[in-house]
Each structure stands twice: as structure tokens, then as C-alpha cells.
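Student: I am new to this structure and would be grateful for a close look at one part of it. Please begin there and then set that part beside the rest of the chain.

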Amino acid sequence: MKKPYYITTAIAYTSGKPHIGNTYEIVLADSIARFKRLQGYDVRFQTGTDEHGQKIEEKAIEAGVSCKEFVDNVAAEIKRIFDLMNTSYDKFIRTTDDYHEKQVQKIFKKLYDKGDIYKGEYEGMYCTPCESFFTASQLVDGKCPDCGREVKPAKEEAYFFRMSKYTQRLIDYINEHPDFIQPESRKNEMMNNFLLPGLQDLCVSRTSFQWGIPVDFDPKHVVYVWIDALSNYITGLGFDLDGNTDPMFEKYWPADVHLIGKDILRFHTIYWPIMLMALDLPLPKQVFGHPWLLQGDGKMSKSKGNVIYADDLVSFFGVDAVRYFVLHEMPFENDGVITWELMIERMNSDLANTLGNLVNRTISMSNKYFGGVVDNRNAAEAVDEELKETALNAVKKTVEKMDKLRVADAITEIFTLFKRCNKYIDETMPWALAKDETKQDRLATVLYNLVESITIGASLLQPFMPETAQKIANQLNTSLREMNELDSFGKYVSGTNVVSKPEILFARLDVEKTMEKVNELMEAQKAAAGVTEEQPEEAVIDIEPKEEISYDDFSKMQFQVGEIISCEAVKKSKKLLCSQVKIGSQVKQIVSGIKAYYTPEEMVGKKVMVLVNLKPAKLAGVLSEGMLLCAEDADGNLALVTPEKPMPSGAEIC
């Protein structure tokens with residue numbers, strides 16, 4: 001009997017078409033699911049869409065359609081993209097599914113009945129895109145600490161979940177299960193920044209909008225996103241609080257891994273486990289917070305017209321090339337970068353040259369020298385052993401990497417084998433062997449070793465580039481192997497005929513011509529989004545004037561030139577940098593929301609203008625003792641204000 005394995009992605013928010021950074025997660029999960037199937041597991045792979053909330057309601061009103069019509073259209077587009085990327089999910093759940101909505105209401109009622117949910121009132125600053133409340137002290141420069149957007153004051157009656165009741169129990173669980181949160185750095189972040197300082201009770205209902213699942217015993221409230229969205233992982237398996245649970249839930253729960261973006265780690269490693277504890281259900285075995293895939297010239301934005309979509313990439317490179325890129329270029333813990341230029345480079349080097357050329361050369365030589373027959377004549381030499389060892393090591397190392405979800409590293413191991421095959425051709429020089437009648441057995445053995453090595457590599461490649469792996473197997477007239485069939489070298493059936501004419505797997509691209517087409521595409525995208533050309537240098541920005549102040553008011557503020565001597569990112573925030581700023585003989589620590597515009601390395605050594613006597617405050621738990629002055633353009637881009645001429649640290653600005 002196969003061992004069950006349950007993997008999920010975060011469900012995609014139906015606010016619009018997903019860009020390649022959003023699509024990366026489903027491809028990553030698919031590669032893991034396919035690999036587990038290759039290992040013989042009974043895999044359940046679930047994804048879907050998160051379809052409720054204030055942001056959806058506002059977008060539907062803006063589009064002039066009902067909320068349901070809006071999410072139906074977007075969910076269909078998300079599913080189309082996921083299908084385009086050849087992802088093998090077993091369940092696509094929608095939070096507007098009737099079964100899910102009914103179970104969410106039951107879950108809410110049970111938690112209320114046992115006293116874990118209570119009615120209260122919430123007052124604070126609300127960020128609509130993040131659907132989160134923040135206190136004034138949590139804001140960064142008066143804006144959302146998570147996304148940097150504007151927040152608005154909000155006060156409303158709400159139901160709250162008693163997070164504090166389960167805090168210590170969750171801390172103990174995480175300490176007892178060291179692999180529960182991965183990578184390790186994510187676990188440290190959750191423990192140090194949220195759990196150990198103590199949890200506040202969580203707002204779990206709203207009354208200020210209607211597009212949500214009604215609280216059935218208090219219909220003016222709708223269930224807030226956390227209980228609604230997170231519970232999809234069990235409702236998608238047929239969980240039922242009334243006792244009519246589908247046997248599938250017993251088979252697959254707890255999940256082996258929740259695969260999510262690092263930005264929603266808190267919800268999945270704190271809110272969700274506590275919900276499960278309150279429901280007396282087992283916790284998932286692991287939550288893996290993957291990094292982001294970023295646009296090379298900054299964050300993808302429709303307003304900038306620089307968004308890269310999966311279907312556009314596929315039209316240029318094909319599905320498997322895009323899968324290869326997003327999987328191979330994403331580091332284990334750090335953010336990855338995608339650019340059109342880098343895609344072309346990988347297409348030409350890794351795919352067309354290393355892999356495609358290898359398969360083409362091997363099949364062409366088999367046809368040229370032996371009429372397509374691949375025959376192992378056992379005319380071995382010492383160099384063969386290194387190739388065989390590399391092939392079998394590729395199997396072992398790929399499994400080791402995938403057991404740790406190091407997908408990019410696993411692909412590197414496979415391509416190490418393909419590179420070794422190319423080197424083997426250079427070492428054995430089949431074209432030279434072909435000229436010597438006495439070397440025919442050796443030539444046949446060399447080509448057999450190449451075909452066998454390529455077959456092993458293609459079999460390992462199945463989860464990551466399924467169509468390419470199958471094409472290779474078809475051209476070699478063989479079958480792709482399961483993991484338990486990759487335990488030895490030499491299983492390719494001697495005497496098999498390869499195809500008479502090899503298919504080009506990946507064609508090299510002309511960089512200049514391809515980039516011309518890319519630029520045309522991006523210009524069309526900008527036009528469709530209504531993006532105009534950048535403002536000329538002489539353009540000005542008018543802002544709303546503030547109340548006039550007297551010179552006495554101004555004189556209370558102390559501005560000086562500071563020199564940044566060190567800088568680092570604030571771990572719990574994706575927007576903040578913490579700088580040590582030398583001002584005269586003093587050093588002040590200043591936290592600024594400029595991480596999107598400067599790296600810590602770029603900050604060091606800059607002379608900046610500092611508001612020195614600003615009252616110290618904590619931002620994301622880090623003390624800030626002043627403010628760096630910045631200018632902001634119409635698109636929200638920030639630039640540090642610096643002295644025009646060299647000035648010493650501590651010079652007064654007056």
C-alpha cells in the first residue's frame with residue numbers, strides 16, 4: 001500500500017491575474033508532488049483561490065459586476081494559468097464553494113461555543129490590501145508595515161479569537177518539532193518576533209463589508225479571512241464537524257507540507273496551528289515559507305507596466321523552459337530574480353546547449369555510426385566508471401536535496417550529470433573512434449553509456465520538466481523510470497533503436513531579436529494599463545499644503561548631516577532598514593521604510609540629512625532615534641536627501 005503524502009499551496013487571492021512571482025509557488029509545489037509520486041507515494045496535491053474580503057468587494061464595484069461574477073472570472077484565469085504551466089493538482093478549491101462555506105460557519109460556531117471566540121470591538125488603522133489592523137505604534141512612516149500602503153482609521157464591532165490561550169502550547173510544539181517551520185530562519189523569525197513577546201487576540205469577523213461568509217448566528221458579521229481561507233486545507237479533504245467527514249481526510253491529514261510565500265508565514269505558523277489546536281485536530285507536519293521571485297528592476301507593478309506573466313513567458317520560451325527557470329533560479333532562503341535577459345541566457349546555455357545539444361549529438365551519432373541501434377558491447381575503459389558514478393550519484397543527491405525541499409539544488413545535480421555527459425563525449429571522441437575499424441565495440445559502448453546516462457537524467461528530470469523528459473525518452477525509444485528503477489547503471493535495453501531524426505528540444509534564441517519582441521510586448525502592456533512615458537526632468541509635483549507654522553515651530557526641529565556607518569534589514573519587516581548613523585561624535589540608530597529602494601550595502605557611507613530630535617519610537621520592535629529625510633515622486637519612489645557638496649558629519653542644516 002502506498003504511503004499518503006498531502007501537499008498544498010496557499011490559495012491565490014482573486015484580485016487579478018497572477019504574475020510569474022505568484023505562479024512560481026504552484027510550479028514549485030507541482031515539482032514536489034511529482035517527485036513524491038515518482039518515489040511511489042500516494043500524493044494529494046491541493047491548490048485553489050481565496051475569494052472573499054473587502055478588496056474583492058471594492059474591485060467588483062469598480063468593475064461594475066457582482067462580487068461572485070468578479071471572482072468567477074478571476075478564478076477561471078488563475079486556473080487557466082495553473083493548467084498552462086502543466087501543474088498536476090488533484091483539487092482546486094474555491095472559498096466560494098458551498099461545502100467550504102458551510103464548514104467555515106460550523107468551525108466559527110464551534111470555536112464560539114467553547115469560548116475561544118468572543119465579541120468585542122476593534123479600533124485601529126486598517127490596511128485594505130493586507131486586510132489587517134495595526135496600532136499607531138506598528139505603522140512605519142504612518143503607513144502599513146507590511147506593504148507600505150496607506151491605512152485608514154477604522155472602528156467596528158468584531159469577534160476575536162483567544163490567541164493568548166494557546167501561545168505557550170504552540171511554543172512548546174515548535175520546540176518539540178524542529179522541522180515544523182522551514183527554513184530555519186523563518187522559525188526564528190516567528191518565535192522571536194511574535195510568539196515569545198506574546199500574542200494579541202485576533203480579529204476574526206468584520207461588519208464594514210458584506211462580501212464574505214456570514215456568521216450564521218450573527219448575520220451582520222462576515223467571517224474574516226483567516227478562518228475562511230486557512231480552513232480550506234481541511235475542508236478540501238471533506239472535513240465535517242458534524243461527523244460526516246470524508247475518509248479522505250483521515251487518509252491524508254495532517255498535511256505533509258503547506259507550501260507558502262514567506263509573507264504569509266505568520267498566518268500559517270501561528271494562526272492556523274492555534275485554530276487546529278482549538279478544534280482538537282493534528283497540526284501539519286511542516287510549513288515551508290519559500291522566498292519571492294522578483295523582477296530584475298524592482299517589484300512588479302501594473303502601474304509601472306513591468307509585470308511579467310507566465311503565459312507571456314511561455315509564448316517566448318515554452319512551458320518547460322519557464323518551469324526550469326523559476327525552479328532553478330530560486331535560492332532556498334533568499335529571493336530570486338527574473339529578467340527577460342536572464343531567461344534568454346538560460347535558454348541558450350543550460351537548455352539548448354547543455355541538454356538539447358547533448359541529446360541531439362548522442363542520437364545523431366547513434367544513427368550515423370550504427371543505424372540507430374544502441375548496443376552495449378562491454379568494451380569498457382576507466383573513464384566510463386566516472387560517468388557511471390556521476391549518474392548514480394545524481395540519483396542519490398537529487399533525493400537528498402528533495403527530501404529537504406531544496407528544489408533548485410536538486411535540478412543542479414541533474415544538470416551536473418548532463419554536463420558530465422558532454423565532457424565524456426569530449427574525452428572519448430566518438431568521431432575519432434569511428435575512423436578505426438578495431439574500435440567499433442568501444443564506440444558502441446561509449447554511445448550506450450551516453451544513452452543510459454541521459455535516460456537516468458531524463459527520469460530524474462520528470463518532476464521539473466515533464467514534457468521535456470518524456471520527449472527525451474521517446475527519442476531514445478525507452479520509458480522513463482521510477483525512483484526504485486534508478487538503483488543501478490545499465491538498464492537501457494541493448495539493441496534498442498533510437499529515432500532516425502532527433503527533435504530539437506530547445507532552439508537557441510537571437511538575443512537582440514528576442515528582446516525587440518519583448519520590448520514590443522512590454523510597451524503594449526504599458527499602453528493597456530494606461531502607463532504613460534516617464535515625466536521629463538522639469539516636471540513638478542503639487543502636494544496638498546499643510547497648515548502654516550511659525551519660525552518658532554520650525555526652530556524646534558534639529559536637522560544635521562549624518563554619515564551611515566552600518567546598515568541591516570529589519571528581519572520582521574519587508575520594508576524597513578536599520579541604520580547606524582554617525583552625527584558628529586554621536587551614533588544614532590534610525591529605522592527607515594526604504595528597503596525597496598536601497599540595499600543595506602548601498603546605504604553604508606552615504607551622507608544623509610537627519611531629523612535628530614525626533615522622539616524615539618519602536619518600528620517593528622526596533623528602536624528608532626531619528627528620521628532620515630527622503631523625497632518621494634508621484635509613483636511613490638523614494639530617494640534619500642543628501643548634501644549637494646561634501647559636508648562633515650554633524651553639520652547643522654538650517
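Student: In which loop, between which helix and which strand, is the place of Asn477?

Tutor: This is a predicted model, and what follows is computed from it. Asn477 lies in the loop that runs between helix H18 (466-475) and strand S17 (496-497). Its backbone deserves attention: phi is near 55°, a positive value in a residue other than glycine. The general background is that most residues other than glycine have a negative phi, and that most peptide bonds are trans. As for its surroundings, Asn477 has a relative accessible area of 49%. Exposed would require over 50%, so the residue is classed as partly exposed.

Other backbone features can be read with that background in mind. Asp141, not a glycine, has a positive phi of about 55°. Asp141 sits in the loop between strand S6 (132-134) and strand S7 (152-161), and with a relative accessible area of 47% it is partly exposed. Leu405, which follows helix H14, has a positive phi near 60°. Cis peptide bonds are found too. One joins Gln182 and Pro183, with omega about -5°; Pro183 belongs to the loop between strand S8 (181-182) and helix H6 (184-195). Another joins Trp253 and Pro254, with omega about 10°, and Pro254 is in the loop between helix H9 (247-252) and strand S12.

That last loop leads the account to S12 itself. Of the 5 residues in this strand (residues 257-261), 5 are buried, so S12 is largely enclosed by the rest of the structure. Both of its faces are covered: Val257, Leu259 and Gly261 are buried on one side, His258 and Ile260 on the other. Strand S1 (residues 4-9) runs parallel to S12 and is joined to it by 3 bridges, with Val257 as the bridge partner of Ile7. Strand S13 (residues 287-290) is parallel to S12 as well, through 4 bridges; here Leu259 is partnered by Phe288. With helix H10 (residues 265-278) between them in the unit's order, S12 and S13 form a right-handed β-α-β unit.

Helix H14 (residues 382-403) comes next. Its 22 residues reach 33 Å from the first C-alpha to the last, close to the 32 Å expected at 1.5 Å a residue. Among its buried residues are Leu387, Thr390, Ala391, Ala394, Val395, Thr398 and Met402. An α-helix has 3.6 residues a turn, so residues three or four places apart point the same way. What covers the buried residues of H14 includes helix H1 (20-38), helix H15 (407-428) and helix H17 (440-461).

Ile32 ties several of these elements together. Not counting residues up to four places away in sequence, Ile32 touches Tyr5, Ile7, Leu259, Met402, Leu405 and Val407. Ile32 and Ile7 are among the residues that touch the most other members of the largest nonpolar core, which has 106 residues. A second, separate core of 65 residues includes Ile107, Tyr159, Trp253 and Val287. In soluble globular proteins, nonpolar side chains tend to be buried together.

Terms used: Residues are numbered from 1 along each chain as its sequence is written. This is a predicted model: local features need pLDDT of at least 70, side-chain atom pairs count only at pLDDT 80 or more; totals for chains, interfaces and linings use all residues. Side-chain values use heavy atoms; hydrogens and water are left out. Buried means under 20% relative accessible area, exposed over 50%, partly exposed in between (1.4 Å probe, protein chains only). Helices (H or I, at least four residues) and strands (E, at least two) are DSSP runs, numbered from the N terminus. Two strands pair if DSSP finds at least two bridges between them. A crossover is right-handed if, with the strands pointing away from the viewer, the path from the first strand over the helix to the second runs clockwise. The expected span of a helix is 1.5 Å times one less than its number of residues. Contact means heavy atoms within 4.5 Å. A nonpolar core is a set of buried Ala, Val, Leu, Ile, Met, Phe, Trp, Tyr and Cys residues joined through side-chain atoms within 4.5 Å.
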